[in-house]
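The following report looks at a nonpolar core, the surroundings of a ligand and two unusual backbone angles. The structure is shown first.

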Amino acid sequence: MTILSPSIVVFFLALLVSFPHFNNATASDACKAATRISPTIDLNFCITSLQSDSTSSSTNALGLAKIVVGLASKHAKTTKAKINKMLLDAAYGNIMPEIHTCRSLYSRMIDYLSTAADGLSSSNYADAKTYLSAALDAPCDCNEAFSKKQAPPVLSNENETVKQLTEISLALVNM
Ligand SMILES: *[C@@H]1O[C@H](CO)[C@@H](O)[C@H](O)[C@H]1NC(C)=O
């Protein structure tokens, strides 16, 4: 009866081609909303982080927050491992007290992130927010410990990564 018109074929082809974007919509929409809550959040970093977890395409803001808290925790643990190595490295002899300070800060951060994750799992969002806010201080406080000594910046990539991830988690919980 009706012949499939070329424009309809083009429409369906376009739909097909655009399918991957549907998967990404959650991450990019959530990240855009997160940057409106916290303007210091890097949009591309946020999207890349969320998309690094394949389950991010099929979850809500809360699910995304859980993913990012997990990433923040992973990075904080990697940073602590790096700090532990620095403590054994004579090259850092003059800034050992500061490295010790950072070790305690990151240890505490890991605990806070774990408590925040528990809060998210048990729908205790007030707790989650409190502990994410507390966790947010660690990378800055660590950096300040060094800047007081006018030492060359150490952990300067790690500090931004963990700070960004924690900021993103907090913004997602606040949605
Ligand atoms: C991370 O370290 C760099 C270099 O010291 C510094 O410029 C930046 O402000 C630090 N970020 C935080 C969150 O402390």
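## Loop residues, core and ligand shell

Leu155 lies in the loop between H6 and H7. In this predicted model, the phi of Leu155 is near 55°, a positive value in a residue other than glycine. Most residues other than glycine have a negative phi. Because its relative accessibility is 5%, under the 20% limit, Leu155 counts as buried.

A positive phi, of about 55°, is also found at Ser123, again not a glycine, and the place of this residue is in the loop between H5 and H6. Ser123 counts as partly exposed because its relative accessibility is 47%, a value that falls between the limits of 20% and 50%.

Leu155 also belongs to the largest nonpolar core, which has 47 residues, and together with Met109, Leu113 and Phe146 it touches the most other members. At least two residues of this core are supplied by each of helix H2 (19–37), helix H3 (43–51), helix H4 (61–86), helix H5 (96–121), helix H6 (125–148) and helix H7 (156–173). For Leu113, once its neighbours within four places in sequence are left aside, the residues in contact are Val69, Ala72, Ser73, Ala76, Leu132, Ala135 and Thr166.

Turning to the ligand, its surroundings are formed by Pro139, Cys140, Asn143, Pro153, Ser156, Asn159, Glu160 and Lys163. By character, the residues of this shell divide into three nonpolar, three polar and two charged. Three of the surrounding residues, Asn143, Asn159 and Glu160, appear in the table below with the distance from a ligand atom to an N or O atom of the side chain.

| Residue | Ligand atom | Distance to a side-chain N or O atom |
|---|---|---|
| Asn143 | oxygen | 3.0 Å |
| Asn159 | oxygen | 2.4 Å |
| Glu160 | nitrogen | 2.7 Å |

Of the 360 Å² of accessible area that the ligand has on its own, the protein covers 67%. The elements giving two or more residues to the shell around the ligand are H6 and H7, and the largest share, four residues, comes from H7. H6 and H7 thus appear in each part of this description: they give residues to the ligand shell, they each supply at least two residues of the largest nonpolar core, and the loop between them holds Leu155.

Key:
Residues are numbered from 1 along each chain as its sequence is written. This is a predicted model: local features need pLDDT of at least 70, side-chain atom pairs count only at pLDDT 80 or more; totals for chains, interfaces and linings use all residues. Side-chain values use heavy atoms; hydrogens and water are left out. A nonpolar core is a set of buried Ala, Val, Leu, Ile, Met, Phe, Trp, Tyr and Cys residues joined through side-chain atoms within 4.5 Å. Buried means under 20% relative accessible area, exposed over 50%, partly exposed in between (1.4 Å probe, protein chains only). Contact means heavy atoms within 4.5 Å. A residue is near a molecule or strand if one of its heavy atoms lies within 4 Å of it. A polar contact is a pair of N or O atoms within 3.5 Å; within protein, one must be able to donate a hydrogen and the other to accept it, and residues adjacent in sequence count only if both atoms are side-chain atoms. Accessible areas come from the Shrake-Rupley method with a 1.4 Å probe; for residues, only the protein chains shown count as cover. Ala, Val, Leu, Ile, Met, Phe, Trp, Tyr, Cys and Pro count as nonpolar, Asp, Glu, Lys and Arg as charged, and the others, Gly among them, as polar.
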